[in-house]
Amino acid sequence: MKTESAKGVLAMILACLIWGFSPLYYKVLSHIPPIEILAHRTIWSFVIFAVILAGQGRLQALFLLFSTCKSGFVVGLAAIMISLNWFAFIFSIQAGYAVEAALGYYIFPLVAVVIGRVVFGEALTRLQWGAVGLAAVAVALLTYGLGVAPWIALVVAGSFGLYGLVKKRLTAGPVVSVTGEVAVLVPVAIAVLAVVHMRGEGHFGTAAWENTMLVFSGALTATPLILFSYATQRNRLSTVGVLQYINPTAQFFCAVVIFGEPFGFWHGLAFALIWAGLALYSVSSLSQEKARRK
């Protein structure tokens, strides 16, 4: 069991490193509009997931996702939320707001706590309430200091939080559900690419390296999700939750150290409060996990 747990931890670390350093990948494609990249990411990730399910003999599970109107509607909502999250992330990298994207993924766990309280009536500990309060203060101070709300961070955190909420309504496994979500988006992605190429603005087919990178965006989407699924099956959720902070930390490193994005006093103050809030949240989560195991 310890060996399996160690494998799960390694898988989670690899998934977070792929997510965390993916800004480097999308920065190289800054000359391609985010909507076009998103369309390719959707199509090629669907191809990869469909091949995986076919190889496992589980394509029937994909069709079961759409066996009822209710299930199909939930999959559609999840597809909208994850596509919004993907678009906001890609846009943030290309437009020079990678710091905000990192902030959004730091805020996400605290947004999830609030959603759990509001929608499911989940009780919050004092430490968790304190963590949420620190996040709210951080956003307020950053808005005051910069003169504008960190909209990208809020969209990233909010869309991913709502995505998690919708996913709780699905009983299918992660690979099957994600395949269903991108399947819903494929017709839209094809329509987007058709319009772009009819205007003569499409980038696919213009250069071999661009073709390769656009196709590889599917693998960049599929691989960490598969690793994440592998990790959650072999480790406690509290362990997975703490390891997830590797993702925004790597994004933050890319934004500030590699891209050289501005990081002033108000950014520093907001991030310090967020990190303090996450520390409180992690302590509370680990304490609850230990209590459940007794």
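Okay, let's start with one serine. Leaving aside residues up to four places away in sequence, S217 touches Y25, H40 and R41. Keep in mind throughout that this is a predicted model. S217 sits in helix α9, which runs over residues 208–232. Is S217 buried or exposed? Its relative accessible area is 1%, and buried means under 20%, so S217 counts as buried. Its side chain also has a partner in the backbone: it reaches the backbone oxygen of L214 at 2.4 Å.

Two of those neighbours come back in other places. R41 has its charged end over the ring of W86, 4.4 Å from the centre of that ring. Y25 belongs to an aromatic cluster, together with Y26, F89, Y105, F108, F160, Y163 and F216. And there's another charge over a ring: K27 lies over the face of F259, at 4.8 Å from the ring centre.

So, on to the aromatics. How many aromatic pairs does a search of the whole structure find? It finds 19. Take F160 and Y163 as one of them: the ring centres are 6.0 Å apart and the planes meet at 15°, so this pair is stacked. Both residues are in helix α7, residues 151–167, and they're 3 residues apart, about one turn of the helix. Their exposure is worth a look too. F160 has 24% relative accessibility and counts as partly exposed, while Y163, at 9%, counts as buried.

For another geometry, look at F265 and W266. That pair is edge-to-face, with 5.1 Å from centre to centre and 75° between the planes. Here F265 is exposed, at 60% relative accessibility, and W266 is partly exposed, at 26%.

Let's go back to α7 for a moment. Y163 has company there: the buried residues of this helix include I152, A153, V156, A157 and L165. What do the buried residues of α7 pack against? They pack against α4, α5 and α8, the last of these being 174–198.

Now a quick check on helix lengths. α7 has 17 residues, and at 1.5 Å a residue they should span 24 Å; the end C-alpha atoms are 24 Å apart, so that agrees. For α4, residues 69–95, the 27 residues should span 39 Å, and the end C-alpha atoms are 38 Å apart, which agrees. After α4 comes G96, with a positive phi near 85°.

α5 covers residues 98–120, which makes 23 residues with an expected span of 33 Å. Its end C-alpha atoms are 32 Å apart, and that agrees as well. But where in α5 is the kink? It's at F108, shortly before the proline P109, and it's about 40°. F108 is also one of the members of that aromatic cluster. Following α5 there's G121, and its phi is positive, near 70°.

Last stop: a glycine. G145 is in helix α6, residues 126–146. It counts as partly exposed, at 27% relative accessibility. Along the chain, G145 and A270 are 125 residues apart, yet their C-alpha atoms are separated by 9.8 Å.

If you want a place to begin clicking around, try S217 and its contacts Y25, H40 and R41, then follow R41 over to the ring of W86. That's my tour, thanks.

Methods. Residues are numbered from 1 along each chain as its sequence is written. This is a predicted model: local features need pLDDT of at least 70, side-chain atom pairs count only at pLDDT 80 or more; totals for chains, interfaces and linings use all residues. Side-chain values use heavy atoms; hydrogens and water are left out. Helices (H or I, at least four residues) and strands (E, at least two) are DSSP runs, numbered from the N terminus. Buried means under 20% relative accessible area, exposed over 50%, partly exposed in between (1.4 Å probe, protein chains only). A polar contact is a pair of N or O atoms within 3.5 Å; within protein, one must be able to donate a hydrogen and the other to accept it, and residues adjacent in sequence count only if both atoms are side-chain atoms. Contact means heavy atoms within 4.5 Å. The expected span of a helix is 1.5 Å times one less than its number of residues. The bend at a residue is the angle between axes fitted to the seven residues ending there and the seven starting there. Rings of Phe, Tyr and Trp (its six-membered ring) pair if their centres lie within 6.5 Å; planes under 30 degrees apart count as stacked, over 60 as edge-to-face and the rest as tilted. A charge sits over a ring if NZ of Lys or CZ of Arg is within 6 Å of the ring centre and within 35 degrees of the ring normal.
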